[in-house]
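The following exercises concern contacts between charged side chains. Please work through each task before reading its solution.

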Amino acid sequence: MKLESKGFITILTGLYSFQDCIHFLASVRKFHREPIIVLIDRVPQILYPLLQVFGNVILKPAPSHENPVLASRLAKLALYEESLFEKTIYMDCDICLLSPIDEVFDFLDGVDLLVTEDVQPAIAKAANLLRVKQDILSTLQSVGLPLNENSIQYNGGFIAFTKSSKTQELFTNFKKYFEMVVAHQNVLYLKDQGAFAAAVESVKPKMTTLSPVYNYLDKWKEIYAIDKPIKVMHCTYPYRPQYAKNVTRSLFTRIVDRMAKIFLPNQLNNPWRLK
């Protein structure tokens with residue numbers, strides 16, 4: 001099958017993120033016409049038309065799991081396989097575009113991968129990955145992740161990539177290392193950043209680290225020192241600042257928001273996020 005030249009992809013696993021995904025699609029469609037793939041699981045099909053309102057939205061089944069958080073992680077491992085594009089921009093569905101990002105597709109002309117650093121980029125200090133209070137780097141190494149003191153934690157909310165043998169190898173290794181994370185839930189949280197960092201470390205794709213303006217976590221704004229307009233607002237579930245709300249406000253999204261309070265589960269009380 002011939003691939004389309006470029007497009008977006010996101011993940012929606014479970015009703016907890018449905019409202020976020022509506023706003024994500026609204027923000028992308030405000031600035032872009034490219035197709036958007038939604039890897040979807042555990043959402044009633046009766047709600048699918050609400051996602052397809054935005055046009056050129058492709059719904060593809062995500063790897064199924066009763067735990068929607070694990071399902072979203074498994075879907076992220078499948079991004080390369082599920083993408084229909086030569087150039088793909090993946091974003092978490094709690095992201096809101098604040099402006100067009102056409103240049104990101106152009107940046108992919110010379111590299112396999114574009115990423116942004118996490119707010120705590122040093123893997124050796126990434127306490128967010130561990131359930132236990134132990135030395136971070138040695139604990140990650142002990143479960144089999146090939147990380148070192150110079151390894152970087154990238155934020156998995158924004159990943160742009162091309163179809164290439166190197167990127168395919170990266171995602172193959174990503175899956176292998178994530179299986180190690182899942183196998184060691186006694187010491188590690190169910191997060192993908194450690195496995196992704198390990199895959200980058202082992203494969204060493206041709207890559208560029210983008211400015212935080214392409215994955216700005218407003219909840220941690222005091223950490224950043226930037227002097228350029230923010231393009232990609234990561235709303236760090238369920239925190240959505242007012243200027244992100246302004247981008248996606250319409251009659252349709254206001255109706256969805258009103259109905260969400262009645263019919264959708266409360267994001268704050270999602271029991272799977274505590275496991």
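The exercises below treat salt bridges in this predicted model.

**Exercise 1.** Determine how many salt bridges the structure holds, and state which residues are linked in a network.

*Solution.* The structure holds nine salt bridges. A network of such bridges links Arg73, Lys76, Asp92 and Asp192.

**Exercise 2.** Characterise the salt bridge between glutamate 82 and lysine 60, and classify each partner as buried or exposed.

*Solution.* Step 1: the closest N and O atoms of glutamate 82 and lysine 60 are 2.8 Å apart, and a salt bridge requires a distance within 4 Å. Step 2: glutamate 82 lies in helix H4 (residues 79-82) and lysine 60 in strand S3 (residues 57-61), so the pair, 22 residues apart, links distant parts of the chain. Step 3: buried means under 20% relative accessible area. Glutamate 82, at 16%, therefore counts as buried, and lysine 60, at 18%, likewise counts as buried.

**Exercise 3.** Locate the two partners of the salt bridge between lysine 231 and glutamate 103.

*Solution.* Step 1: the N to O distance between these side chains is 3.3 Å. Step 2: lysine 231 sits in the loop between strand S9 (216-217) and strand S10 (232-234), while glutamate 103 belongs to helix H5 (residues 102-107). Step 3: the partners are 128 residues apart and link distant parts of the chain. Step 4: lysine 231 has 22% relative accessibility and therefore counts as partly exposed.

**Exercise 4.** Classify the accessibility of lysine 204 and glutamate 201.

*Solution.* Step 1: the two side chains meet in a salt bridge at 3.7 Å, N to O. Step 2: exposed means over 50%; lysine 204, at 56%, is therefore exposed. Step 3: glutamate 201, at 21%, counts as partly exposed.

Notes:
Residues are numbered from 1 along each chain as its sequence is written. This is a predicted model: local features need pLDDT of at least 70, side-chain atom pairs count only at pLDDT 80 or more; totals for chains, interfaces and linings use all residues. Side-chain values use heavy atoms; hydrogens and water are left out. Helices (H or I, at least four residues) and strands (E, at least two) are DSSP runs, numbered from the N terminus. Buried means under 20% relative accessible area, exposed over 50%, partly exposed in between (1.4 Å probe, protein chains only).
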